[in-house]
Amino acid sequence: MLDNLTEKFDSIFKKLRGHGRLTEENIKEALREVRLVLLEADVNFKVVKDFVEAVRERAVGQDVLKSLTPAQQVIKVVRDELGRLMGEGEDNRLDFGGRPPVAVMLCGLQGAGKTTSCGKLALKLRRDKRNPLLVPADVYRPAAIDQLKTVGRQLDIPVYDSQPDQDPVAICEAARRFAELNGYDTLILDTAGRLHIDATLMGELVRIKESLAPKEILLVADAMTGQDAVNVAASFDEQLSLTGVILTKLDGDARGGAALSIRAVTGKPIKLVGLGEKMDALEVFHPDRMAQRILGMGDVLSLIEKA
Amino acid sequence: AKTQGALVGRLDSLLSGRRVDDELLDDLEELLITADFGMATTGDVIQALRGRVARGEMSPAALRTALREELRERLKLEAGALDLNQAQPFVIMVVGVNGVGKTTTIGKLARQFTAQGKRVVLGAGDTFRAAAAEQLAIWGERAGVEVIRHGEGADPAAVAFDAAKATLARKADVLILDTAGRLHTKVNLMEEMKKIRRVLGREIPGAPHETLLVLDATTGQNALIQARLFKEAVEVSGIALTKLDGTAKGGMVVAIGAELGLPVRYVGIGEGVDDLRPFDPDLFVDALFRES
Ligand SMILES: Nc1nc2c(ncn2[C@@H]2O[C@H](COP(=O)(O)OP(=O)(O)OP(=O)(O)O)[C@@H](O)[C@H]2O)c(=O)[nH]1
Ligand SMILES: Nc1nc2c(ncn2[C@@H]2O[C@H](COP(=O)(O)OP(=O)(O)OP(=O)(O)O)[C@@H](O)[C@H]2O)c(=O)[nH]1
Ligand SMILES: [Mg+2]
Ligand SMILES: [Mg+2]
């Protein structure tokens with residue numbers, strides 16, 4: 001893919017090599033390729049439009065540097081702009097400040113990877129010397145509570161003992177009291193998967209938020225998501241004011257344009273990425289790597305960075 | 001379900017009072033891209049429409065019809081719902097990447113088949129994910145069918161073996177085997193699936209008679225790669241498209257139909273036991289143009 005884009009750019013800019021400056025006219029074709037690459041990576045249509053516009057503005061008028069070919073130069077603008085949009089250099093650490101127990105709420109569409117991510121997060125927090133309590137607040141999906149309890153058993157991390165006939169808000173409140181009494185400093189709330197257009201279930205999350213005041217409200221999103229990622233993310237953010245995102249299933253071959261879409265529409269940082277089904281497959285998010293992945297680029301970028 | 005309310009067509013508002021020109025085709029292109037048709041199919045469909053437009057005056061209504069024809073042609077309509085009478089017992093193996101809705105779809109299918117008077121057995125072939133067998137067991141209860149399961153971490157091929165034996169012993173009509181979610185890029189897990197398939201075929205001649213790939217409608221272009229690789233590995237014969245009750249349109253199935261000839265057999269429109277429908281291409285195409 002990268003070779004693809006570089007090659008295409010090279011042939012587009014053949015005539016420009018070594019002299020002149022980048023103009024609207026001579027980067028037009030290159031921008032068309034950029035648009036295509038991003039759309040093929042599942043970046044949302046409107047986000048792509050804005051992005052290409054931003055690249056055009058930054059590229060036009062630049063002198064063609066001696067150290068880079070015009071093709072590399074445009075790629076560098078694309079890459080820098082993408083990095084900026086992905087939140088390069090921003091702080092994307094989780095915030096657990098405040099009086100314990102501190103709550104973290106995970107939410108998202110059905111099957112995105114919430115329950116698995118709760119387990120992974122609990123493991124990570126324990127390694128950071130915190131004392132987490134897993135809270136199963138999904139009373140709808142068959143065996144959802146069992147699933148979290150099984151995960152907790154595997155990790156040897158305690159799971160609050162909820163039952164499917166309880167109210168999710170009540171579960172969370174009871175779990176907080178339990179944590180206060182037993183010295184747990186972090187509550188990890190596993191909520192049921194739901195559609196962003198499901199008013200009743202979204203209302204339930206709002207009530208959990210109001211009652212528990214979670215420090216972190218994380219949207220768990222599947223890296224394979226297509227154009228709809230923006231609708232989902234914008235809607236969850238609108239209703240809950242997210243603090244960040246966990247992007248799952250990045251161990252596959254999806255280009256992950258959803259990352260850019262979500263970041264662009266919510267402005268909220270992607271904090272963690274899921275890279276497998278195992279409990280240690282959770283990593284901090286690297287905007288630069290994500291930018292390269294979306295562009296389908298490998299090492300050439302690091303070459304450009306040195307130029 | 002919930003999206004059913006908003007019937008104001010996006011295409012209608014796109015077409016009303018406009019001339020069929022380049023600008024309109026650009027808008028149509030946007031509509032297809034945002035419905036996850038993918039760049040190749042979108043380009044292809046738009047080009048076909050351009051060709052038709054170039055051949056003569058076209059009214060917006062005619063354009064709508066032309067678009068519908070172009071899409072339907074790519075959707076491989078000839079294959080309909082499953083014919084369970086093709087084999088006795090009829091064996092369905094359900095596969096797909098993580099979290100798409102395999103287990104849920106199996107629960108819904110079991111209910112439909114029992115309602116048709118069939119005796120159904122379910123096999124809990126996901127021995128990996130936490131509480132996967134418990135989840136299927138609950139669906140089995142809801143549908144009133146028996147679930148064959150082993151402990152966590154057991155060999156899924158052994159579950160397949162026992163499920164096939166049980167199906168024969170009970171003289172059941174249908175066996176549906178659940179499998180663990182797996183990404184198509186994981187070579188060892190794809191091999192494991194092939195082994196499960198071989199075991200089924202050894203115990204029941206011709207099994208599996210249907211290998212159903214479950215795809216999540218919110219998935220973008222990766223769905224085509226999933227379909228390609230799962231088909232290569234285990235001869236997928238049909239698709240169930242889930243989560244169409246959300247705002248995603250599932251447009252990738254058009255590319256999948258065109259490239260791989262895989263028919264969509266079912267669509268999932270909710271989490272309830274009755275939220276499974278046979279795929280209706282007309283409804284699908286109409287839904288593309290529904291305001292979300
Ligand atoms: N390959 C891979 N699979 C993952 C990852 N995260 C989760 N999964 C798998 O995705 C599937 C769904 O994960 P869950 O944690 O049950 O998802 P959920 O969001 O809790 O699902 P619901 O509660 O039903 O909405 C499971 O098969 C997980 O093993 C990941 O990062 N990579
Ligand atoms: N809204 C909606 N949710 C669905 C649909 N089908 C399944 N789900 C939900 O999607 C989530 C995942 O479903 P599962 O059946 O567990 O998916 P799976 O493919 O078996 O997952 P793994 O076994 O972990 O790979 C659950 O929360 C289901 O309730 C559907 O058609 N619409
Ligand atoms: Mg869950
Ligand atoms: Mg399953």
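Helices (H or I, at least four residues) and strands (E, at least two) are DSSP runs, numbered from the N terminus. With that settled, here are my notes on the two chains.

This is a predicted model, in which local features need pLDDT of at least 70, side-chain atom pairs count only at pLDDT 80 or more, and totals for chains, interfaces and linings use all residues. Residues are numbered from 1 along each chain as its sequence is written, chains are lettered from A and ligands numbered from 1 in the order in which they are written, and side-chain values use heavy atoms, with hydrogens and water left out.

1. Helix H2 of chain B. This helix covers residues 22–34, and its 13 residues should span 18 Å at 1.5 Å a residue; the end C-alpha atoms are indeed 18 Å apart. The expected span here is 1.5 Å times one less than the number of residues. The buried residues of H2(B) (buried means under 20% relative accessible area, exposed over 50%, partly exposed in between, with a 1.4 Å probe and protein chains only) are Leu24(B), Leu25(B), Leu28(B), Glu30(B), Leu31(B), Leu32(B), Ile33(B) and Thr34(B). After H2(B) comes Asp36(B), with a positive phi near 65°.

2. Overall make-up of chain A. You will find 12 helices and 7 strands in chain A. Of its 307 residues, 59% count as buried. Taking contact to mean heavy atoms within 4.5 Å, 77% of the chain A contacts between residues at least 6 apart in sequence join residues at least 24 apart.

3. How much area the chains share. The size of an interface is often given as the accessible area lost when the parts come together. Buried area is used in that sense here: the accessible area (1.4 Å probe) that two parts lose on being put together, summed over both. Between chain A and chain B about 3,300 Å² is buried, and carbon and sulfur atoms give 57% of this. On the chain A side, Pro142(A), Met224(A) and Glu277(A) lose the most area to chain B, together 19% of what that side buries. The contact involves 37 residues from chain A and 39 residues from chain B.

4. Polar links across the interface. The rule finds 3 salt bridges between chain A and chain B, a salt bridge being a side-chain nitrogen of Lys or Arg within 4 Å of a carboxyl oxygen of Asp or Glu. One of them pairs Arg35(A) with Glu29(B), where the closest N and O atoms are 3.9 Å apart. There are also 16 residue pairs in polar contact between the chains, both residues at pLDDT 80 or more. A polar contact is a pair of N or O atoms within 3.5 Å; within protein, one must be able to donate a hydrogen and the other to accept it, and residues adjacent in sequence count only if both atoms are side-chain atoms.

5. Asp185(A) and its surroundings. Asp185(A) sits in the loop between helix H7 (168–182) and strand S3 (186–191) of chain A, and is buried, with a relative accessible area of 18%. Its side chain reaches the backbone nitrogen of Asn131(A) at 2.8 Å, and a polar contact of 2.8 Å links it to the side chain of Thr186(A). Beyond neighbours within four places in sequence, Asp185(A) is in contact with residues including Pro100(A) and Pro101(A). The peptide bond from Pro100(A) to Pro101(A) is cis, with omega near 0°.

6. Ile106(B). This residue belongs to helix H5 (residues 102–115) of chain B and is buried, with a relative accessible area of 0%. Leaving aside neighbours within four places in sequence, the contacts of Ile106(B) are Val94(B), Leu122(B), Leu136(B), Ile176(B), Leu177(B) and Asp178(B).

7. Backbone geometry to look at in chain B. Most residues other than glycine have a negative phi, and most peptide bonds are trans. Ala131(B) is not a glycine, yet has a positive phi of about 60°; Ala131(B) is buried, with a relative accessible area of 0%. Lys171(B) is not a glycine either and has a positive phi of about 55°, but Lys171(B) is exposed, with a relative accessible area of 67%. Finally, the peptide bond between Ala207(B) and Pro208(B) is cis, with omega about -10°; Pro208(B) lies in the loop between helix H8 (187–203) and strand S5 (210–216) of chain B.
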